[in-house]
Amino acid sequence: MVRQSARSRLVGPRADRAGLPFRCRMKTPFTLHFGLAVPLLTCLRNRPFAPSHPMPFVAADATVYYAGDGCQLIYRWYDAFNVFVAVLEAYLPAAAAVELRVESHLHDLYLVYQLAGHSAFRAAAPLDSHALHLPRNHHVAVYTPPASAVVRIVPDRQTHRYALATCVPKGKWLTRHVRSRQNPFDELLLYQKQQLAEYRYLRPSPISHHMHTWLHLLLTMPRHAGIFMDYALQRPVAHLVALCYDECKQAEHDGRSAALVDTARQLIQKLVARMDGSQPPPTVGQVAATLQTTPRRLRELHRRLHGHKLIQHITACRIEEAKRRLSTGHSIAAVAYGLGWA
């Protein structure tokens, strides 16, 4: 261990000798304030533990080590022309959690991937309840203007490890072709393009196998010289962006499909309740025509969402309606006739 220096009080993607963010040429997305951590951290000269993600493209001057009160941290970053990549790893065998202050400098969109442990983010002021929880093996897309926040990092109980990867596709590259507000991911891009003053984020969701693949390719990228490294990093990040967009699109499609099936089930219940013997039970074809869809699509969606055939739901509705009518004093013959049984 060495004595805590001015550099250790404020460490970010770039820092000058006074410990202040280097902003003469270009502002970087965010800064981590290790000197304001709870518990108190001390800057180290040597690596405290072996990181799980090698990141061979990161230079030595873009890596910092910290330790204190039963915890050890490694923070690495790479600032490319269109992409910023950073990984925070921690080993906490004795500490329950660590709180870090993070400051964003620009209007940016952050793709955050929780690889080990879990995180809780909250605004720096006022100090209220946590606004965003990110469990292990989940990811989230966050738009934020220049602001300060506090992140609480908690390790896995068994391994005592924590790992968080952050990708920041820079504004002009990302917002060049914004599609529409219909997709939640596009809406975040519009927030970034309009530079709104309030942050927005999508609901955390599990990291898919495809995302894990591109994250692995990104964090194990071999070192290239000059601008080739920037292009090499941009490719996997572009795929991660596309996967986020497709995930939102699929979630929107699944939501519409679930709404269609729920409407069909409610319609069947209403039609069965109206039966008085003068009409046959409702069919899948009739319900599909009323909802302006095809019987095949309605059957497939119902089976995928509920695990059984739609015709079985029609039969179940007739049985439940028969029980209700019998409980109100109707005869068996009248109930059977009214609900279409011979």
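This section describes the strand pairing, nonpolar cores and helix packing of a predicted model.

Strand 7, which spans residues 108-116, is largely enclosed by the rest of the structure, because nine of its nine residues are buried. Strand 7 pairs with strand 10 (residues 138-144) in the antiparallel sense, and seven bridges join the two. Within this pairing, Tyr113 lies opposite His139 of strand 10. An antiparallel pairing also links strand 7 to strand 12 (residues 161-169), here over five bridges. In that case Ala116 is placed opposite Ala163 of strand 12.

The largest nonpolar core of the model comprises 74 residues. Those with the most contacts inside this core are Phe34, Leu73, Tyr75, Leu111, Tyr113 and Phe185. Helix 5 supplies the largest share of the core, namely nine residues. A second core, separate from the largest one, contains 17 residues, among them Val261, Ile268, Leu298 and Cys317.

Phe185 is one of the residues with the most contacts inside the largest core. When residues up to four places away in sequence are not counted, Phe185 touches Leu109, Leu111, Ala141 and Leu202, as well as Val241, Cys244, Tyr245 and Cys248. The last four of these also belong to the contact between helix 3 and helix 5, in which Pro184, Phe185 and Asp186 of helix 3 meet Val241, Cys244, Tyr245 and Cys248 of helix 5. By class, six nonpolar residues and one charged residue make up this contact, with no polar residues.

Helix 3 covers residues 184-194 and helix 5 covers residues 227-274; the two pack at an angle of about 125°, with 7 Å between their axes. Helix 3 is therefore oblique to helix 5.

A further set of contacts surrounds Arg325, a residue of helix 8 (residues 310-327). Arg325 has a relative accessible area of 10% and is therefore buried, since the term applies to values under 20%. Leaving aside residues up to four places away in sequence, Arg325 touches Val272, Ala273, Arg274 and Met275, together with His330, Val335, Gly338 and Leu339.

Notes
Residues numbered from 1 in each chain as written. Predicted model: local features only at pLDDT ≥ 70, side-chain atom pairs only at ≥ 80, totals over all residues. Heavy atoms only, no water. Axes fitted to C-alpha atoms, helices over the stretch in contact; angles between N-to-C directions. Helix = DSSP H or I, 4+ residues; strand = E, 2+ residues; numbered from the N terminus. Parallel < 35°, antiparallel > 145°, perpendicular 65-115°, else oblique. Contact = heavy atoms within 4.5 Å. Nonpolar A, V, L, I, M, F, W, Y, C, P; charged D, E, K, R; others polar. Buried < 20%, exposed > 50% of the residue type's maximum accessible area, 1.4 Å probe, protein only. Pairing = 2+ DSSP bridges. Core = buried A, V, L, I, M, F, W, Y, C linked by side-chain atoms within 4.5 Å.
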